[in-house]
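Visitor: Please take one part of this model and go through it closely. I would like its dimensions, its contacts and its surroundings.

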Amino acid sequence: MKGRYMERRRHGHVGTPVLGWSLIVVGVVAALLSVGMPFEALFGVIGIVLSLVITALVVALVLGVLGLAGAAIAAPFVALVGVPVMVLRAMFRSGGAPSMDAQHRRERAAPPAPAAQSPASQDAATEILRRRYAAGQLSQSEFQGMLINLLKERYIAGKIDQSQYEQQLEVLLQPPPTSDRVLRA
């Protein structure tokens, strides 16, 4: 029952427009006959209205057919112009034609911005520390302390600015990935 109610609510009763129009037509015919319009005149009015409706349908049909015919006739001409334009455009975009936007060319040619390098990969001193740590000569805390000292020296010497110093210090102060928390998980 609920499904039928929802169906009627959304879509209305089947045949409602036909019933509505037929009631309107019957009402108009009854009103015209009660006013005293002769039955022949009523059929004349209905004939005029029907002829106008049929004429409108024929015009719509003819215009639709002409539109389709026009589209069919124009399609080869559109293809003759459109296909070469699309091919040339694709060639110019891929080949970097002079007409390309200068900003677009600069963006394509510019190398990507370098990511923040870790302090351990910047110079020979850090490389030596890394080798000593890998050989087991330094503990984790000693290695980290020496890297922080090297980072401070670079900042004082002006080799890196404050933002780079802070970024690299954050990297150094993060716990190593082989800590007990990772091993337990």
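Guide: The expected span of a helix is 1.5 Å times one less than its number of residues. Keep that rule for α5. This is a predicted model: local features need pLDDT of at least 70, side-chain atom pairs count only at pLDDT 80 or more, and totals for chains, interfaces and linings use all residues. Residues are numbered from 1 along each chain as its sequence is written, and side-chain values use heavy atoms, leaving out hydrogens and water.

First, the setting. The protein chain has eight helices and zero strands (DSSP runs numbered from the N terminus: H or I of at least four residues for helices, E of at least two for strands). Read from the N terminus, its elements run α-α-α-α-α-α-α-α. The chain holds 185 residues, and 10% of them count as buried (under 20% relative accessible area; over 50% is exposed, in between is partly exposed; 1.4 Å probe, protein chains only).

Now to α5. This helix covers residues 124-135. It has twelve residues. From the first C-alpha to the last, α5 reaches 16 Å, close to the 16 Å expected at 1.5 Å a residue. Gly136 follows the helix, with a positive phi near 90 degrees.

Next, the charges on α5. Searching the whole structure gives two salt bridges (a side-chain nitrogen of Lys or Arg within 4 Å of a carboxyl oxygen of Asp or Glu). One of them joins Arg130 to Glu127, with the closest N and O atoms 3.2 Å apart. These two residues sit three apart in α5, so about one helical turn separates them. Arg130 is partly exposed at 39% relative accessible area. Glu127 is partly exposed too, at 28%.

Glu127 also bridges to Arg131. Here the closest N and O atoms are 3.8 Å apart. The spacing is four residues in α5, and again the separation is about one helical turn. Arg131 counts as exposed, at 58% relative accessibility. The bridges share partners, and Glu127, Arg130 and Arg131 become one network.

Move along to Arg132, also in helix α5. Arg132 is partly exposed, with a relative accessible area of 32%. Now look across to Phe143. Arg132 and Phe143 are eleven residues apart along the chain. Their C-alpha atoms are 8.6 Å apart.

Phe143 meets α5 through a ring as well. The whole structure has two aromatic pairs (Phe, Tyr or Trp rings, Trp by its six-membered ring, with centres within 6.5 Å; planes under 30 degrees apart are stacked, over 60 edge-to-face, the rest tilted). In one of them, the rings of Tyr133 and Phe143 have centres 4.6 Å apart and planes at 15 degrees, so the pair is stacked. Tyr133 belongs to helix α5 and Phe143 to helix α6, so the stack ties together parts ten residues apart in sequence. The partners differ in cover: Tyr133 is partly exposed at 32% relative accessibility, whereas Phe143 is buried at 12%.

Phe143 leads into the interior. The largest nonpolar core has ten residues, Phe143 among them (a core joins buried Ala, Val, Leu, Ile, Met, Phe, Trp, Tyr and Cys through side-chain atoms within 4.5 Å). Its other members are Leu129, Leu138, Leu147, Ile148, Leu150, Leu151, Ile160, Tyr165 and Leu172. Two elements, α6 (140-157) and α7 (162-173), give two or more residues to this core. The most come from α6, with five residues.

One more residue deserves a look on the α7 side. Gln168 is found in helix α7. Gln168 is buried, at a relative accessible area of 5%. Compare its position with Ile148, one of the core residues. Gln168 and Ile148 are 20 residues apart in sequence, with 9.0 Å between their C-alpha atoms.

Back to α5 to finish. Glu127, Arg130 and Arg131 carry its salt-bridge network. Tyr133 in α5 stacks on Phe143. Phe143 in turn belongs to the largest nonpolar core.
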